[in-house]
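Biologist: I would like a close look at one part of this model, the packing of its helices. Please take me through it step by step.

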Amino acid sequence: MKHGFVTIAAAIPSLKVADVQFNRKQIENCIIQAESSGAEIITFPELSLTGYTCQDLFTQQLLLNEVERAVLQIIDCTRKLNIISIVGIPIEVGNLLLNCAIVLQGGNILGIVPKIYLPNYNEFYEKRWFASAQDLKPTEIHYAGNKLTVTAEHQVFKTEEGVTFGIEICEDVWAPVPPSNHLTLAGADLIFNLSASNETTGKHEYLKSLLAQQSARTICGYIYAGSGFGESTQDLVYGGNVLIYENGKLLHEGKRFSLQPQLILGEIDIELLRSDRRKNTTFINAQRNETAIVVHTHSTVNNSLSSVNDNLLKYRNINKHPFIPIESRMQPSCEEIFSIQTLALAKRLVHINTKNVVLGISGGLDSTLALLVCVKAFDLLGYDRKGILGVTMPGFGTSDRTYHNAQKLMQAFGISMREISITKAVQQHFQDIGHDPSVKDITYENSQARERTQILMDLSNQVGGVVVGTGDLSELALGWATYNGDHMSMYGVNAGVPKTLVKYLVRYVAQQLDDEATKQLLIDIVETPISPELVETEGNGKISQVTEDIVGPYELHDFFIYNVMRYGFRPAKVFLLACHAFKDEYDAETIKKWLKTFYRRFFSQQFKRSCLPDGPKVGSVSLSPRGDWRMPSDAQSSLWLEECDGL
C-alpha cells in the first residue's frame with residue numbers, strides 16, 4: 001500500500017469441471033500475472049480448483065485428495081511471491097465437508113474461511129454436499145503440510161502495510177445479515193467474495209445493486225469474482241462476473257459471458273474508506289461490540305513495482321471534475337441541485353414573510369445562477385417576479401459584454417431593474433479616506449465591492465426584502481471575496497455550489513428554456529471569462545482582469561477542495577492525484593504552484609468563512625461554520641506548505 005492505495009485483482013481462469021490439475025495451472029498463471037502487474041491480493045471464484053458444478057463428485061475421496069495435492073503445488077509455485085491468493089476449495093474437517101476459501105502467501109496457508117450460508121432452493125442444493133460453518137466447532141487439522149485451526153469465527157486478515165480484509169462466499173452476501181457486516185465492523189477495509197452465482201434474466205442488475213449497497217453501507221472495497229465459462233451448463237449458465245466496488249461506486253467490471261479467462265486489476269483507496277468511516281458516527285457506534293480473529297500476513301508490496309509513483313494509479317480512473325455529475329446523471333443531478341437551492345430560498349422567504357429580494361446582477365456566472373434560483377423560487381411560491389429587484393452597478397472595470405448581458409438577463413426574466421453607477425460614490429470615498437485612485441491596490445478594489453454591497457443592503461431595507469448572495473463554494477474556499485463586501489448577504493443561495501458546477505447548472509437551465517434568445521444569452525454568460533471587474537477595462541471595453549490568471553484555474557482548485565475537504569488527504573496525495581487527473585492539461589510544476597496557492601489562501605482566509613451568511617448545502621462538501629467545517633481563523637498553514645515545498 002502506497003499513498004493509501006492497494007492494488008487488488010479478481011480472476012476468472014479457464015476451467016474444466018473436476019480437472020483439478022488443469023484448474024491449478026490456470027490459477028497459478030493468473031497469480032503470477034497479477035503479481036507481475038503489481039497486485040497485492042488476488043481472489044478467484046467459489047470452488048475454483050474443482051469447479052462449482054461437480055455435484056455428487058464432491059463426495060469422491062479421490063477428488064478431495066487431489067485438491068489437497070494441488071494446494072501443495074500452488075504453495076510451492078508461489079513460495080517466493082508477495083501476493084496473497086484467495087482460492088476456492090472443498091475441504092474435509094472432521095465429519096464435515098466445507099465449501100471454503102483458502103488464503104495463501106509466500107509458501108504458507110494463512111487461513112481457511114468456510115462458507116456460512118448454503119443455498120438449498122430451486123436450482124441450488126449445496127446442503128446435499130456441504131455443511132455450513134454454523135455446524136463447525138473450532139477444529140485443528142493438518143492440511144497441505146500446514147497445521148491449521150478451522151473455525152466459524154469471523155477472521156480479519158491484516159497485511160504488514162496495514163490493509164485489512166475479510167472473506168465471504170457467494171450466498172453469504174445475499175443473507176439478511178451478511179458476514180461482511182461483522183467483518184467490516186471488526187476492521188476489514190476490503191471484502192473478497194468468491195462466488196458461483198448463475199445467470200437468469202434480471203439477476204445481474206440486482207446483484208450489482210446488492211453489492212453497491214453492501215459496499216456503501218459497510219464503507220468498504222468489495223471485490224467479487226464469480227464462476228464463468230467452463231462450469232457445467234447441464235441446467236445453468238455462469239456468466240463470469242467480476243465486480244469491484246469502493247464505497248458504493250463501481251470501479252471495474254469484467255466482461256460477462258466471455259469465453260476467455262479474465263484478470264481484472266484495480267486500485268482501492270483505503271485512506272478514502274477510513275476517512276469516511278471516521279466521519280460516520282453511525283458506523284463507529286455499530287462497531288462497538290464487534291470482534292474477529294486477526295490473522296497477520298507478510299508484506300504484500302513488490303518493492304520493484306511500488307517504489308515510484310509512476311506505478312501507482314495504473315488501474316484507477318481519477319475524476320478530474322469530482323463535483324460535476326457523470327453525463328448519464330447530468331440532467332437529474334442538476335435538477336436536484338437547482339431544486340435544493342430553490343426550496344431553500346423559498347423557505348426563507350416564507351419564514352420572514354417577504355415577497356421581495358434584492359441581488360446584484362453583474363452579467364457573470366454566479367449572479368446569473370442566483371437570479372435563476374430567485375426566479376424559480378418566486379414561480380414556485382406564486383409570487384410576482386417584479387418582487388425580484390436586480391441591480392446592475394457599473395464601475396471602473398465593468399466590461400461591455402457583462403454590462404449588456406446583465407441588462408438582457410433581467411429583461412428576459414421580467415424582474416424589476418435598477419442601474420446605479422458606483423463610480424461617483426467610490427471616487428468620493430477615495431477623497432474621504434485619502435486614497436490615490438491611480439493606485440490600483442486592494443483598497444481600490446475592495447472599496448468598489450463594499451460600495452456595491454452597501455447599495456444592495458440599503459435597497460433591501462427600502463423594499464422590505466432580503467439581499468440574496470451570489471458567491472460560490474470555490475470563492476469561499478479561496479477567500480476570493482471582499483470581507484463585508486460581496487462576502488456578505490442575507491441568504492447565500494450559491495454557498496454550496498463550486499465554480500465548476502455553476503456552469504453546468506446555468507447551462508442546464510438554458511436547455512430547459514423554449515425561448516432561443518434567452519437560451520443563447522445564458523450560454524454566452526457561461527462562456528464569459530470569470531472576472532471581478534474591479535480594474536479598468538481595455539480600450540475596447542473588454543475584460544482585463546481574469547480571476548483564474550490571479551488565483552489559478554478553478555478546475556484545479558475544485559479538485560483540491562474536494563479531496564482536501566471530503567477525505568482529508570495530505571498535500572502529497574492531492575498532488576499525486578492531480579498529476580494523474582490533469583496530466584494532459586498541466587505539468588507538475590503548475591499543479592504544485594496552484595496547490596500551494598490553495599493551501600495558503602485556504603488557511604489565511606478562514607476568518608471570512610467563520611461568519612458566513614446562511615445558505616444551503618447541496619453536495620458532500622460544505623464550508624458552513626455551523627455545519628461541515630469548523631476551523632480556527634488563526635490556524636497555521638506551515639505544516640501543509642512545507643509538504644508542498646517538498647513535492
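Modeller: What follows starts with the whole chain and then turns to helix pairs and single residues.

The model is a predicted one. The chain has 647 residues, and 57% of them count as buried. Its secondary structure comes to 21 helices and 20 strands. The C-alpha trace spans about 100 × 55 × 45 Å along its principal axes. The accessible surface is about 27300 Å², and carbon and sulfur atoms supply 48% of that. Now take the contacts between residues at least 6 apart in sequence. Of these, 74% join residues at least 24 apart.

Next come the helix pairs. Two packed helices are described by two values: the angle between their axes and the distance between the axes.

Start with α9 and α15. Helix α9 covers residues 365-381, and helix α15 covers residues 516-526. Their axes come within 9 Å and cross at roughly 140°. Angles over 145 degrees would count as roughly antiparallel, and 65 to 115 as roughly perpendicular. The angle of roughly 140° therefore makes α9 oblique to α15. The crossing of these two helices is left-handed. Which residues of α9 and α15 meet? From α9 come L365, T368 and L372. From α15 come L522, I525 and V526. By class, the residues of this contact are five nonpolar, one polar and no charged.

Now move to α18 and α19. Helix α18 runs over residues 571-581, and helix α19 over residues 588-604. They pack at an angle of about 140°, and their axes are 10 Å apart. That makes α18 oblique to α19. The crossing of α18 and α19 is right-handed. On the α18 side, the residues in contact are P571, V574, F575, A578 and C579. They meet A588, I591, K592, L595 and Y599 in α19. This contact has nine nonpolar residues, no polar residues and one charged residue.

The third pair is α5 and α17. Helix α5 spans residues 270-279, and helix α17 spans residues 554-567. Here the packing angle is about 50°, with the axes 9 Å apart. That makes α5 oblique to α17. In α5, the residues in contact are L272, S275, D276 and K279. In α17, they are M565, R566 and Y567. What classes make up the contact of α5 with α17? The residues divide into three nonpolar, one polar and three charged.

Now zoom in on single residues within helices. A510 is found in helix α14, residues 499-512. Buried or exposed: which word fits A510? The cut-off for buried is under 20% relative accessible area. A510 has 2% relative accessibility, so A510 counts as buried. Set aside the neighbours of A510 within four places in sequence. A510 is then in contact with K519, L522 and I523. One of these, L522, belongs to α15 and takes part in the contact with α9. A510 can also be placed against L521. The two are eleven residues apart in sequence, and their C-alpha atoms are 8.6 Å apart in space.

L63 offers another example. This residue is found in helix α2, residues 61-77. Its relative accessible area is 10%, so L63 is buried. L63 and A18 are 45 residues apart in sequence. In space, C-alpha to C-alpha, L63 and A18 are 7.3 Å apart. Beyond its neighbours within four places in sequence, L63 is in contact with A18, V20, T50, C54, L57 and F58.

Finally, look at two residues in the loops that link elements. I219 lies in the loop between α4 (203-217) and β11 (221-226). I219 is not a glycine, yet its phi is positive, at about 50°. With a relative accessible area of 4%, I219 is buried.

L313 lies in the loop between α7 (303-306) and α8 (330-352). L313 is not a glycine either, and its phi is positive at about 65°. Its relative accessible area is 6%, so L313 is buried.

To recap the helix pairs, α9 is oblique to α15, α18 is oblique to α19, and α5 is oblique to α17. The handedness is left-handed for α9 and α15 and right-handed for α18 and α19.

Methods
Residues numbered from 1 in each chain as written. Predicted model: local features only at pLDDT ≥ 70, side-chain atom pairs only at ≥ 80, totals over all residues. Heavy atoms only, no water. Axes fitted to C-alpha atoms, helices over the stretch in contact; angles between N-to-C directions. Helix = DSSP H or I, 4+ residues; strand = E, 2+ residues; numbered from the N terminus. Parallel < 35°, antiparallel > 145°, perpendicular 65-115°, else oblique. Left-handed = near helix turned anticlockwise from the far one by under 90°. Contact = heavy atoms within 4.5 Å. Nonpolar A, V, L, I, M, F, W, Y, C, P; charged D, E, K, R; others polar. Buried < 20%, exposed > 50% of the residue type's maximum accessible area, 1.4 Å probe, protein only. Areas by Shrake-Rupley, 256 points an atom, 1.4 Å probe, with all protein chains shown as cover.
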